[in-house]
Structure formats: C-alpha cells, structure tokens
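Visitor: I should like to take a close look at a single part of this protein, namely its nonpolar core. Please describe what it is made of and how it relates to the parts around it.

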Amino acid sequence: AFLSDYDVCKNFAQLIVDVGAANGLKTRAFTTNMDQPLGRYAGNKLEVVWAVECLNGHHSSSWFMQVVFRLAQEMIAQADPLSTAPAYLRTLMDLRTRMNRHNAYTKFEDMVRAQGGDASYLRSFEPINDRDSSLGELAHGKYTDSIMRRLKPEGSLNAYYVTAQQHGYVTGFDLTAIGETIRGLGAGRYTPTDMVNPDVGVIFTMGIGMPVEQGEILAVVLHDGKTGTPEAFNNYIRLSTDPPKEEPLIRAMITPSA
C-alpha cells in the first residue's frame with residue numbers, strides 16, 4: 001500500500017499484522033520509504049527486464065534489492081529461527097550463488113514454464129546494464145539503439161531524454177504523476193477495451209541525493225510518438241542546490257500487538 005501519511009501507514013500495517021496473528025499466521029509488516037521508485041525501470045516490459053536482471057544478480061545495491069533482501073531475511077527467520085546468523089542468511093539469499101543451476105532466476109523460469117509461458121522469451125533480453133553505475137553512462141551516451149535492441153520492442157519506439165535544468169541534487173519524485181503519465185503513454189488502460197503498449201515506460205538514471213550537473217540526463221522516456229506527453233516528465237523530478245536530508249529506506253518492522 002502507498003500512503004502519504006506515516007501515522008496512517010503505521011496504523012494500517014499494524015492492523016494487517018494483527019489480523020494475520022488473530023488467524024494463526026506468523027505475520028510481520030515493514031514500513032518503507034517510497035519517496036522515489038525502488039527500481040530504476042517503470043513500464044510493463046521494462047519491469048520484467050528489471051526483474052530478470054535482479055534475479056541474475058544485478059542491481060544488488062539498489063533500494064529495490066535492499067527491500068527484497070530484508071523481506072527474505074525475515075521470512076527465513078520466521079520459518080527457521082536458528083537460521084538468523086547474518087552470514088548464513090546472506091549465503092542463502094546471494095543471487096550470484098550457483099548451485100546445480102538452482103538460483104533465483106532458474107526458479108523463475110521454472111514458474112514461467114509451469115504456467116505455460118515461454119521461458120526462452122526471457123532469455124532474449126540482454127541486460128540494459130550490468131552494474132549500478134552504468135545507467136547514467138548509458139543515458140549520457142544516448143545509446144537509444146542499444147536500449148531498443150536489448151528490449152526488442154514489438155513496435156516502433158522513441159526515446160525522450162529528461163535533463164537537469166540546473167546544477168544541484170535530486171531531492172524527490174512526483175510518483176503519482178509519474179504513474180499516471182506512464183499510463184498515458186500506453187502502459188495502462190483507462191477503459192477495459194484500451195490496448196496496452198508493453199514497450200513504453202521510463203528508465204530513471206538518478207536517485208535521491210545524487211549530484212547532477214546542468215544538462216545531465218535524469219531519465220529516458222520510451223514512447224511510441226502517438227500517445228501521451230513524454231515531456232511532462234521534466235516536471236516530475238525535483239532538484240535543489242542543497243542536498244536532501246538522508247532518510248532511512250526501511251523505517252520500521254511491525255509486529256503483532258501484545
């Protein structure tokens with residue numbers, strides 16, 4: 001759930017946990033910071049590509065993977081309280097560990113095949129980047145052709161580059177407006193009969209607290225040139241001359257009421 005008021009968020013999480021506990025379930029909840037996208041890709045196919053990259057061990061220092069590791073740690077700890085030694089947990093959750101090909105990505109392929117999907121389609125994606133720092137480098141070089149080749153869009157696709165209008169620091173994102181504008185690009189429906197374009201979306205190259213130079217690329221908007229307003233993204237990433245106050249990613253773990 002996305003909630004703008006922290007007290008409402010905390011009370012809602014407590015209610016969920018208490019309902020679970022009252023029904024005999026081991027339940028915990030986490031309140032987390034959502035001032036920026038946890039992952040760097042937004043859009044239907046882009047988010048699948050992000051998932052495939054993460055399952056193959058990329059983006060390990062991203063906000064997204066920090067939340068994933070913490071949730072996995074809690075699930076393992078609840079299933080086996082003796083397994084809570086940090087080194088042991090990290091070994092269990094290390095996405096780069098390869099043991100008889102049983103890793104996170106191959107398990108995902110098994111799930112796709114079990115539901116009648118084509119796992120070979122997933123393997124057709126090349127990583128957009130293989131280390132956290134190269135997103136900015138990719139965008140700075142305006143490697144539009146490289147991005148398109150790796151995504152293998154189903155139709156024609158264009159790239160619009162959102163650039164910083166001043167020197168300073170990234171201080172925030174208007175996530176509600178971002179979500180609605182991505183839907184306007186064709187990533188979502190307004191009526192049940194609307195067609196969805198799986199290729200459109202946004203690649204964010206910067207996160208909160210990062211320093212930027214005037215003209216530096218903040219995001220790459222992928223659009224079909226027919227639907228939506230990619231230039232609107234110029235208004236959705238906030239900059240300031242002063243660095244923002246650092247906020248914790250995971251604010252609290254909620255346990256059942258006494």
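Guide: It is helpful to begin with the protein as a whole, which is shown here as a predicted model. Its accessible surface comes to about 14,600 Å², and carbon and sulfur atoms account for 54% of that area. The protein has 258 residues, of which 38% are buried, and its secondary structure consists of 9 helices and 9 strands. Among contacts with a separation of 6 or more, 71% join residues that lie 24 or more positions apart.

The part you ask about, the largest nonpolar core, has 39 residues. Within this core, the residues that touch the most other members are Phe204, Leu222 and Phe233. The element that gives the most to the core is strand β7, residues 217-223, with 6 residues.

Leu222 merits a closer view. Leaving aside residues up to four places away in sequence, Leu222 touches Leu46, Ile147, Met148, Leu151, Leu157, Asn158, Ala159, Leu185, Asp199, Val200 and Gly201. Two of these partners lead to other parts of the model.

The first lead is Leu46, which is one of the buried residues of helix α2. The others buried in this helix are Lys45, Val49, Trp50, Val52, Glu53 and Cys54. Helix α2 covers residues 44-55, which makes 12 residues, and spans 17 Å from its first C-alpha to its last, close to the expected 16 Å. After α2 comes Gly57, which has a positive phi, near 95 degrees.

The second lead is Leu157, a contact of Leu222. The C-alpha atoms of Leu157 and Gly225 are 7.4 Å apart, although 68 residues separate the two in sequence. Gly225 lies in the loop between β7 and β8, the latter being residues 237-240. Gly225 is classed as exposed because its relative accessible area is 54%, and the cut-off for that class is over 50%.

For contrast with the core, one may turn to the surface. There, Leu3, Val8, Phe12, Leu15, Ile16 and Val19 make a nonpolar patch of about 500 Å². Ile16, one of these residues, belongs to helix α1, residues 6-22. Ile16 has a relative accessibility of 43% and therefore counts as partly exposed, a class that falls between the limits of 20% for buried and 50% for exposed.

Conventions:
Residues numbered from 1 in each chain as written. Predicted model: local features only at pLDDT ≥ 70, side-chain atom pairs only at ≥ 80, totals over all residues. Heavy atoms only, no water. Helix = DSSP H or I, 4+ residues; strand = E, 2+ residues; numbered from the N terminus. Expected span 1.5 Å × (residues − 1). Buried < 20%, exposed > 50% of the residue type's maximum accessible area, 1.4 Å probe, protein only. Patch = residues over 30% accessible without salt bridge, like charges linked within 9 Å, V, L, I, M, F, W, Y side chains within 5 Å. Areas by Shrake-Rupley, 256 points an atom, 1.4 Å probe, with all protein chains shown as cover. Salt bridge = Lys/Arg side-chain N within 4 Å of Asp/Glu carboxyl O. Core = buried A, V, L, I, M, F, W, Y, C linked by side-chain atoms within 4.5 Å. Contact = heavy atoms within 4.5 Å.
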